[in-house]
Amino acid sequence: MNFAYDEDQRLLKETTRRFLEERHPLAALRPNLETDTTLDRAVWRDGAQLGWTAMLAPAENDGGSVSEQPIVDLIALAEELGRVLYPGPFLPANVVADTLARGGDEAQRKDWLAPLVRGERIAAWCATGDGTADASAIAVTATPAEGGMRLDGRARWVHDAHAADFLLVACRAPQGETLALVPLPASGVGVRVLKGLDLTRRFCEVTFSGVQVSSDALLGAPGSAAPALARMGSLASVIQAGEAVGAMEKLFELTVQHAKDRVQFGRAIGSFQAIKHRLADLWIELEGARAAAHYAALALADELSDREQAVATAGCYVREAASQLAGESLQIHGGVGFTWEYDVHLFLRRAKADQVLYGDPSWHAERLCRLLEADVKEA
Amino acid sequence: MNFAYDEDQRLLKETTRRFLEERHPLAALRPNLETDTTLDRAVWRDGAQLGWTAMLAPAENDGGSVSEQPIVDLIALAEELGRVLYPGPFLPANVVADTLARGGDEAQRKDWLAPLVRGERIAAWCATGDGTADASAIAVTATPAEGGMRLDGRARWVHDAHAADFLLVACRAPQGETLALVPLPASGVGVRVLKGLDLTRRFCEVTFSGVQVSSDALLGAPGSAAPALARMGSLASVIQAGEAVGAMEKLFELTVQHAKDRVQFGRAIGSFQAIKHRLADLWIELEGARAAAHYAALALADELSDREQAVATAGCYVREAASQLAGESLQIHGGVGFTWEYDVHLFLRRAKADQVLYGDPSWHAERLCRLLEADVKEA
Amino acid sequence: MDVRVPEVPASYDDYRRRVREFVEAHKPALRMKEKAGLRVPDDPEDVSKLRAWVRALNDAGFASPAHSETKLDPHQTRILNEELGKAGVPVVLGNPLVGGAIKLFGTEQQKAFYLPRIASGEHIWTQLFSEPAAGSDLASLQTRGRLDGDAYVVDGQKVWSTWAQFSDYGYLLARTEEKAGPAGITAFILDMKSPGVTTRPLREITGTTDFNEVFLDEVRIPVENVIGQPGQGWAVTTASLAQERGGVGSRGAEDSIAGLVRIARATKRAGRPAIEDGAVRQTIARFAARSRIQRALGYRVATKAAAKELGPADAPLTKIWFSELNLQINEYALSLQGPNGALAEGDPLAWQDGKFQDAFLYARAWTIAGGSNEIMRNLIAERGLGLPREARG
Amino acid sequence: MDVRVPEVPASYDDYRRRVREFVEAHKPALRMKEKAGLRVPDDPEDVSKLRAWVRALNDAGFASPAHSETKLDPHQTRILNEELGKAGVPVVLGNPLVGGAIKLFGTEQQKAFYLPRIASGEHIWTQLFSEPAAGSDLASLQTRGRLDGDAYVVDGQKVWSTWAQFSDYGYLLARTEEKAGPAGITAFILDMKSPGVTTRPLREITGTTDFNEVFLDEVRIPVENVIGQPGQGWAVTTASLAQERGGVGSRGAEDSIAGLVRIARATKRAGRPAIEDGAVRQTIARFAARSRIQRALGYRVATKAAAKELGPADAPLTKIWFSELNLQINEYALSLQGPNGALAEGDPLAWQDGKFQDAFLYARAWTIAGGSNEIMRNLIAERGLGLPREARG
């Protein structure tokens, strides 16, 4: 029985925490809260050197993980990135890397995966037309065309597409769901940065209008992408849960500290029992979220038989707990929490965006209910 | 603007409270918690003299109300009955009285209504086959037969049917929904007392097997009962809300007193802020429930245009608030609240039964949503 | 019981027509968007237009009796409120709560000078109560005033003052006697143009600037600007604060709930309109029930107020009910929109240009300000239910 | 990370078969129904049968190593727990927590005499901790013991003692020195047949009698029955209580949740099976998620325990999580049944003979007993998060 990070994973977290404290602390977000891009490419490249994009890629493409459970390594990293609300494309980079590592041919891995792992090229992931998680919401069609396919349609909530060097696009071909690689810039691809509640990250609407894709930029045979899409969704959800748990952890620390420091009625507000009990409840939710995220990562890493249930559990619980914790933390902070200059609202905004992206809680809950129904026989 | 009981209604409440303190205090429940009947007919008859069954009946049938808003008078009474968890058939008696007063012919009012109002005869109301509130759940069929109708089927959750002198039965005739009066005992009528979570009241399953009903025991023409059934449901819900608010009020008083009296860690537990805030929340729910019940009574009494919304609001909110308040009160009472001899569990059991009878919260919420949809035009 | 509002007689149709024509003719064209809550323009030109509007309203005899000497009968008051509300125009600018304080505790000169100028829009007022270290715990305020001849010299820092950046006067609380707690606090009328007054607009989590910090550095306030007696400030303010807490939300939240229904019609969930989903229906209905009860609780408070039976727990009840329902509805509006719930004002895809996102963020102003809901629960428990008081410091 | 339980090798099939055969052959036929929680028979004959069963189990070498000297390897322990659990038979009677106290603090004579007799079912133990005025606040207990020659003379009243009516021995806490709080408390072994011990079964809200009041009137306890040193009682009990809190619910609530699914399939809502209703599906799924997390929190605690890193907030976390989820699931099971949710044990229409109704009522034992959840939250806040301690008395 070991349900904790091992020594190497702890070391990875420490290294990453130090790196981020120096290169991308919370304060580094401030200048870019209202600009069109929040990605510092130098930090990203150096992060890639620290393994941010390497865990799910094979050694021959410059990848490599810390443990035998690369997805666990990944959420160890994700927690650290979440603590500072790191804005960059950690999630899509790893989803794309995993997809290329598992489904790309040798040339694709060499040409697309390796530069991604090295942090030289930024990948964006075009999943669905409205940001919901069902494959039925894919809104890019792939029409057979001379030497490959022609893409038309759109994807929304594409993380950092405006800064990307290439796109991995989920599209619907006559043969079925298909994954295509599109280098940028490309004729017919339009990118618009969405104006979002989350001020730390940038998501985009990407439009495709007669975009030509050659056959060697398709992953596998046209129509064969369904299993990959399912895997991508699970992976995204788990990585997001890891980032969310990190953010919860950090915000909770800030809130406990505030409760110890802030004096009202001649006492630290943290000495009032109502505040104590709320903080106790938030801690319980934090630990619950952490356990859910860790178990989901473990289940995916080891391909446990209940991995789908584990992902849906984290997908539903972590989102709601993170949102709850952020709202309550703001309340406990009182007036200062309501100011732009305090960081609490950045956590709240992040949590509200996380709540609805990559499958909202009701979507994950519905999925969990279906799996449960299949498990429960009549008595 | 007057959203409070008037002088006469307050007097009615005081009189009723004194009567109940003397004749049917909480302690009077104790000997009958596990017996097959909880109805003291002498108390019921004397209660009838105090107006318990009179409010919705015309003067010529010995009825009469305290104000111009008899339904408001009724919930003023209901609150007092609820405070002592009065077990008798106050709700069905008034539903039946109202139905007879509005839909009975002169002979029916004289023969059935007047003795009911005087407390001489006990009425039971057979609504549906499973205790749910939809008319579609009526499970007694009425087949035309020599001189009237023949009833077959069953009704469940019939309050005090085992003690009743007659039944008002909702049944489905070839012409549609119909109301029939059945004097007891009657050949073909079977009554079984259900074993229930609520230890204060008794509900029954009533079965009908070829029960003969003469034409003069039908209310109105066969198939004409739909409006009456709707009215009966609303009335039941409002009376139940009144009783529930009374029970909440009394239990809340007991709980606040316990919090003031019980000492732990050298202090009254009511001095701990977490207990304070929970009591504050329960008080808010109590006042919300009271406002909901009062407004529903008023809306029904004055036939306000939003009366259906008002009834559904009370139907949904009061049930959940009462259940919440009872559970939290038990928790605040701690160990003693867990004992059979303390009264807290009697309130909890009552609240849980109330929650699912006469339409559960989800049924009332669904109804409210439908009404809301009809009100909301496209922007 | 009777809570029906009597029909307005047909004889008032002409009055309504005149109000409506006046609004049509004079309604200011503002750059600021209509948003939830007490919001303040960014643009000084908007402020000028609003001042002109309030003056014109007052000159035309349409000012609300709440803030002026106008004599209107109840039907006229109602028509006025309905028409101005519908048009989204204010009847008074700034924080008018000082009006009640002056009416109850002010000198005749103060009444004669300030009250008409509040009504006419000539004077905008701000409230200088909260301090960085005295939020919910107003009695611990640290702004000091010492008597120096015919004036108090005041030093300190205030925060959460709406409209301060555009205000002519401030309703100020400062400690003038060295006593702990509420004793020793004095209420002042502060001329915001006095030397030593610095106003710094405070940006909130909404991204807008609806509040200010106000720094007071050796500010001289003439003794005749005390409201009531020195040391009586706590009594002066208690009435106005209770009014602020009790006044919110008595309408119910119908508009927001109608918004939820519309979002649920327009959004798909599992391939079907969200409004067909049982979970969505149940949730919206419970909000609708609580909104309807909010209105009934308003009747309750009005009835108690008329009978002079309001207790110390009544305003806190209303404030908690309104502010938490408001927060939850707006929060649900976001999750109901699915991914688009994460959009914000300025994005063409955002539902009603991010109205619910703004309202969700602003909702915390109601749960924190005006006495946080935690303080409200203490008031209910200790003053309403008679539970033993908490040890305080 | 690794939480997988290794497969039991095929070489253990024979052991499993032998356990199964033993259970088949010796399983007692009881009159008491299987119910949620720690329940006690009404019928003394059931107790005799249970004693005989535990003795036979022990004699056959199938006793659990937790309560005996049996040497079993992990696979055998697991098989034993699985098979006995499946058959719904106990491995030990009464409240065995005293075992840990005696193992850690007892004399060699105490260990030699009591431990094997707990395992063999010869001795049933009850715990005499709580008092009417000392529930969650155990340190304020008022039962007094004064030294009189070679014995303590004990007076007082205890409550919430499971199995006391059938117990041979009691694990008693009494104050032997006039100090406030935890100091001065001594842990005793009380022979329940001592003169002056009166046991009164206490009926609970479930209608069953799973607890007792125990009255102590001039009861003499020989000094050699002290566990550990006089005045050391607090330390002696702390370990066993923490074990009681942390041990519950590490399995998850799958069975109850499967029950919800079955109820939802069998119940109609708006004319369709409730399981098709979005609100029902969302609610059940959230319970399922929390149940799965409960299991993961069990892994967390086991890992921390193995690394000797358990903190003061860990057992409270597990206890709160389990007890509140358990309450909510059972409460929801009632509302999901519609009107039939108001039925109870003994009615032929009641779902599983009122199992969920009983479990709903019994659920409060878990949120109140063993340190109420309010106390658990204090422990988390003060000892786990380091928030300032509350003033106590």
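## Exercises on a predicted four-chain contact map

The contact between chain C and chain A takes 34 residues from chain C and 32 residues from chain A. Keep in mind throughout that this is a predicted model; its scores are ipTM 0.96 and pTM 0.95.

### Exercise 1. The side of chain C that touches chain A

**Task.** Find which elements of chain C give two or more residues to the side that touches chain A, and which of them gives the most.

**Solution.**
- Step 1. Start with the elements: α9 (314-336) and α10 (355-368) of chain C each give two or more residues to this side.
- Step 2. Pick out the leading one: α10(C) gives the most, with 5 residues.
- Step 3. Sort this side of chain C by class, and you get 13 nonpolar, 13 polar and 8 charged residues.

### Exercise 2. The side of chain A that touches chain D

**Task.** Work out how many residues each chain brings to the contact of chain A with chain D, and which element of chain A has the largest share.

**Solution.**
- Step 1. Chain A brings 40 residues to this contact, and chain D brings 34.
- Step 2. On the side of chain A, the elements with two or more residues are α6 (226-261), α7, α8 (307-333) and α10 (361-375).
- Step 3. Among these elements, α7(A) supplies the largest share, 14 residues.
- Step 4. By class, this side of chain A splits into 23 nonpolar, 11 polar and 6 charged residues.

### Exercise 3. A covered helix in chain D

**Task.** Decide whether helix α11 of chain D is mostly covered or mostly open, and say what lies over its buried residues.

**Solution.**
- Step 1. Helix α11(D) runs over residues 373-384, and 10 of its 12 residues are buried, so by the cut-off of 20 or more other C-beta atoms within 10 Å this helix is mostly covered.
- Step 2. Including M376(D), L379(D), I380(D) and E382(D), the buried residues of α11(D) can be picked out in the structure.
- Step 3. The cover includes α7 (273-301) of chain A and α7 (273-301) of chain B, along with α9 (314-336) and α10 (355-368) of chain D itself.
- Step 4. Follow the chain just past α11(D), and you reach G386(D), which takes a positive phi of about 75°.

### Exercise 4. Two helices that cross

**Task.** Describe how α7(A) and α11(D) are placed: are they roughly parallel or roughly perpendicular?

**Solution.**
- Step 1. Two packed helices are described by the angle between their axes and the distance between the axes.
- Step 2. Here the axes of α7(A) and α11(D) come within 8 Å and cross at roughly 85°.
- Step 3. Angles of 65 to 115 degrees count as roughly perpendicular, and therefore α7(A) is roughly perpendicular to α11(D).
- Step 4. Now look at the residues: K276(A), H277(A), L279(A), A280(A) and W283(A) of α7(A) meet R377(D), N378(D), I380(D), A381(D) and G384(D) of α11(D).
- Step 5. This contact holds 5 nonpolar, 3 polar and 2 charged residues.

### Exercise 5. The build of chain C

**Task.** Judge how compact chain C is for its length.

**Solution.**
- Step 1. Count the secondary structure of chain C: 11 helices and 10 strands.
- Step 2. The radius of gyration of chain C is 22 Å, close to the 21 Å from the globule rule for 393 residues, so chain C is as compact as a globular protein of that length.
- Step 3. For the outline, the C-alpha atoms of chain C fill a box of roughly 75 × 55 × 50 Å along the principal axes.
- Step 4. Of the 393 residues of chain C, 50% count as buried.
- Step 5. As for confidence, the mean pLDDT of chain C is 90, and 94% of its residues reach 70 or more.

### Exercise 6. Unusual backbone spots

**Task.** Where do K308(C) and D353(C) lie, and what is the sign of phi in each?

**Solution.**
- Step 1. K308(C) sits in the loop between α8 (278-306) and α9 of chain C.
- Step 2. Phi of K308(C) is positive, about 50°, although this residue is not a glycine.
- Step 3. K308(C) counts as exposed because it has 6 C-beta neighbours inside 10 Å.
- Step 4. D353(C) is in the loop between α9 and α10 of chain C, and its phi is also positive, near 50°.
- Step 5. With 16 other C-beta atoms within 10 Å, D353(C) is partly exposed.

Definitions and conventions: Residues numbered from 1 in each chain as written. Chains lettered and ligands numbered in written order. Predicted model: local features only at pLDDT ≥ 70, side-chain atom pairs only at ≥ 80, totals over all residues. Contact = placed C-beta atoms within 7 Å. Helix = DSSP H or I, 4+ residues; strand = E, 2+ residues; numbered from the N terminus. Nonpolar A, V, L, I, M, F, W, Y, C, P; charged D, E, K, R; others polar. pLDDT = per-residue confidence, 0-100. Rg over C-alpha atoms; globule rule 2.2 N^0.38 Å. Axes fitted to C-alpha atoms, helices over the stretch in contact; angles between N-to-C directions. Parallel < 35°, antiparallel > 145°, perpendicular 65-115°, else oblique.
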